[in-house]
Amino acid sequence: MIPGIDLHHGRPDAIVPWDTLTGFVILKATEGASWKDPACVARAKRCRDLGLTVGLYHFWRSGVDVRGQFQNFSVVADAAGLAPGDMLPAWVCACARKREP
């Protein structure tokens with residue numbers, strides 16, 4: 001197993017164990033068609049400087065234009081320098097299910 005960590009806006013830099021990270025880091029980049037994680041680009045650089053493999057993910061929102069969501073992710077991926085050697089981008093889909101009584 002390769003060790004790694006998921007970093008997103010809900011996990012402040014102050015609590016990230018930067019000195020013990022190994023393996024890979026997957027960063028939340030975007031959500032929907034407009035939200036961008038304000039820490040993503042800087043974190044991608046910091047992780048690369050630490051020698052970690054970097055990946056980015058998008059949190060998909062149903063009912064939101066797919067092209068707009070892809071464009072939103074593409075802007076951040078470009079700014080973060082997503083390139084060959086990084087992990088493949090991922091789209092997270094957490095769809096709500098109607099519960100049976």
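Two strands count as paired here if DSSP finds at least two bridges between them. With that settled, I can go through the sheet of this model, which is a predicted one.

First, the overall layout. The protein has 101 residues, and 33% of them count as buried. There are five strands and two helices, and along the sequence they come in the order β-β-β-α-β-α-β. Along the principal axes, the C-alpha atoms fill a box of roughly 45 × 35 × 25 Å. Of the contacts with a separation of 6 or more, 66% are between residues 24 or more positions apart.

I'll start with β2, residues 24–31. Seven of its eight residues are buried, so β2 is largely enclosed by the rest of the structure. It pairs with β1, β3 and β4, and I'll take these in turn.

β1 and β2 run parallel, joined by four bridges. Leu7 has Leu27 as its bridge partner in β2. On the other pairing, β2 and β4 are also parallel, with seven bridges between them. Leu27 appears again here, with Leu56 as its bridge partner in β4. Another pair in this ladder is Ile26 with Gly55 of β4.

The pairing of β2 with β3 is antiparallel and rests on two bridges. Glu31 is opposite Trp35 of β3. Three residues separate the strands of this hairpin, and Gly32 has a positive phi near 65°.

Now β4, residues 53–60, where six of eight residues are buried. Besides its bridges to β2, β4 is joined to β5, residues 90–93, by four bridges in a parallel arrangement. Trp60 faces Cys93 of β5. Between these two strands the chain passes through helix α2, residues 66–79, and this β-α-β crossover is right-handed.

A few words on α2 itself. Its 14 residues span 20 Å from first C-alpha to last, close to the 20 Å expected at 1.5 Å a residue. Which residues of α2 are buried? They are Gln69, Asn72, Phe73, Ser74, Val76 and Ala77. Those buried residues pack against β2, β3, α1, β4 and β5. After the helix comes Gly81, with a positive phi near 75°.

Next, the core. The largest nonpolar core contains 18 residues, and those touching the most other members are Leu7, Leu21, Val25, Leu27 and Leu56. The elements contributing two or more residues are β1, β2, α1, β4 and α2. In soluble globular proteins, nonpolar side chains tend to be buried together. Three of the names in that list have come up already: Leu27 is the bridge partner of Leu7 in β2, and Leu56 is the bridge partner of Leu27 in β4.

Leu7 also has contacts beyond its strand partner. Leaving out residues up to four places away in sequence, Leu7 touches Val16, Trp18, Val25, Ile26, Leu27, Lys28 and Arg43.

One residue on that list, Trp18, sits in the loop between β1 and β2. Is Trp18 buried or exposed? Trp18 counts as buried, because its relative accessibility is 10% and the cut-off is under 20%. Outside four places in sequence, its contacts are Leu7, Asp13, Arg43, Arg46, Cys47 and Leu50. For Arg46, the separation from Trp18 is 28 residues in sequence and 9.2 Å between C-alpha atoms.

The last residue I want to show is Asp86, in the loop between α2 and β5. Asp86 has a relative accessibility of 19%, so it counts as buried, given that the cut-off is under 20%. What does the side chain of Asp86 reach at 2.8 Å? One answer is the backbone nitrogen of Ala83. There is also a polar contact of 2.8 Å between the side chains of Asp86 and Arg48. Setting aside residues up to four places away in sequence, Asp86 touches Arg48, Val54 and Gly81. Gly81 is the residue with positive phi that follows α2.

To recap the sheet: β2 is bridged to β1 in parallel, to β4 in parallel and to β3 in the antiparallel sense, while β4 goes on to pair with β5 in parallel. That is where I'll stop.

Methods:
Residues are numbered from 1 along each chain as its sequence is written. This is a predicted model: local features need pLDDT of at least 70, side-chain atom pairs count only at pLDDT 80 or more; totals for chains, interfaces and linings use all residues. Side-chain values use heavy atoms; hydrogens and water are left out. Buried means under 20% relative accessible area, exposed over 50%, partly exposed in between (1.4 Å probe, protein chains only). A crossover is right-handed if, with the strands pointing away from the viewer, the path from the first strand over the helix to the second runs clockwise. The expected span of a helix is 1.5 Å times one less than its number of residues. Contact means heavy atoms within 4.5 Å. A polar contact is a pair of N or O atoms within 3.5 Å; within protein, one must be able to donate a hydrogen and the other to accept it, and residues adjacent in sequence count only if both atoms are side-chain atoms. A nonpolar core is a set of buried Ala, Val, Leu, Ile, Met, Phe, Trp, Tyr and Cys residues joined through side-chain atoms within 4.5 Å.
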